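Biologist: I should like to learn how to read the features of a model such as this one. Could we begin with a single local detail and then widen the view?

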Amino acid sequence: MIIGRLPQRRVLAIQHIACEPPAAYEDELVARGIALERVEIDQGEPLPDWRDFDAIVAMGGPMSANDDHELPWLSEEKRAIGEAVRAGLPYWGVCLGAQLLAASLGAAVYQGDAPEIGMHDVVLTDSAAEDPVFAHAPAAFNTLQWHSETFDLPEGSVLLASSPAYRHQAFNWKRAYGLQFHLEVSVELAAQWGDVPAYATALEQTLGPGALPRLIEHVAHAEGPMIVLARMLFGRWLDGVVEPALSSSADGPRRTSAT
């Protein structure tokens, strides 16, 4: 008699620069024994078929979500993200990953009034209290911000968090989540970001010459609570969004196998 077995959970991680891996989110996947397939799309690695995965995690990068002319692979990525999330595949997008989610759902991505860089608080909206991921998060918490673009909310999405400088800090659309801020970053990773020319320029223009050591000191003070919160929120997404999608008889999981 052949007994069916559930396949191992598989998550596709899309990176847009080597120094922006899933970091603490990846640590949570490893702790749960969930397989992660990493694609460094900026290095020319092709996107695999999203149907072969149980979820997508898309991270940040120095490019704009609108740089399709200079980076033609962005168009393919946005098309794949749009197809996947409309089909019900869970998605977790951070910084550029959040902007790509918005763009893939037809919302505009554009320059904000001024860059938001450094350690800044975000505040949850009233809607977050009903959300399976953010319901038990602190009402306000410290985050690392390093961006100058923002986005409109896609139609049908729910705003979950805001900051004084950028109103759209976190949102969800069905099983897809976009986070403009970083919680997952260690001191070591933040220091590596300071070596990226685009990031270093934006940092000095916003916070002044010699800003990197001060920022690293602030990240060091906040790192512990941030990473704890990163893994808690991501874990709640895995438990409250990804697993229900897989067990749904209507639209998940994407893969089946039996031996």
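Modeller: Certainly; please bear in mind that this is a predicted model. Let us start at the end of a helix: H1 is followed by Gly33, which has a positive phi, near 75°.

Biologist: Which residues of helix H1 are buried?

Modeller: Burial here requires under 20% relative accessible area. In H1, which spans residues 24-31, the buried residues are Ala24, Tyr25, Glu26, Glu28 and Leu29.

Biologist: What covers the buried residues of H1?

Modeller: The cover includes four strands, E1 (10-15), E2 (35-40), E4 (91-94) and E9 (176-179), and also helix H6.

Biologist: How should I read the nonpolar cores?

Modeller: The general idea is that nonpolar side chains tend to be buried together in soluble globular proteins. In this model the largest nonpolar core contains 55 residues. Those with the most contacts inside this core are Tyr25, Trp92, Phe134, Tyr177, Phe181, Leu183 and Trp237. Helix H6 (residues 211-247) contributes the largest share of the core, 15 residues. A second, separate core has 32 residues, among them Leu47, Ala58, Val85 and Phe151.

Biologist: Which residues does Phe134 touch?

Modeller: Leaving aside residues up to four places away in sequence, Phe134 touches Leu124, Ala128, Phe141, Leu160, Ala170, Tyr177, Leu179, Phe181 and Leu233.

Biologist: Let us turn to the strands. In which sense do E5 and E6 pair, parallel or antiparallel?

Modeller: For such a question one looks at the bridges between two strands. Strand E5 (residues 109-124) and strand E6 (residues 140-151) are antiparallel, with 11 bridges. Within this pairing, Tyr110 lies opposite Thr150 of E6. E5 also pairs with strand E7 (residues 158-162) in the antiparallel sense, over 2 bridges; here Val123 stands opposite Ser162 of E7.

Biologist: How many helices and strands are there in the protein?

Modeller: The protein has 6 helices and 9 strands. Its radius of gyration is 18 Å, close to the 18 Å that the globule rule gives for 259 residues, so the protein is as compact as a globular protein of that length. Along the principal axes, its C-alpha atoms fill a box of roughly 70 × 40 × 35 Å.

Biologist: What do the contacts and the surface add to this reading?

Modeller: Of contacts between residues at least 6 apart in sequence, 74% join residues at least 24 apart. Of the 259 residues, 54% count as buried. The protein exposes about 11300 Å², of which carbon and sulfur atoms supply 54%.

Definitions and conventions:
Residues numbered from 1 in each chain as written. Predicted model: local features only at pLDDT ≥ 70, side-chain atom pairs only at ≥ 80, totals over all residues. Heavy atoms only, no water. Core = buried A, V, L, I, M, F, W, Y, C linked by side-chain atoms within 4.5 Å. Buried < 20%, exposed > 50% of the residue type's maximum accessible area, 1.4 Å probe, protein only. Contact = heavy atoms within 4.5 Å. Rg over C-alpha atoms; globule rule 2.2 N^0.38 Å. Areas by Shrake-Rupley, 256 points an atom, 1.4 Å probe, with all protein chains shown as cover.
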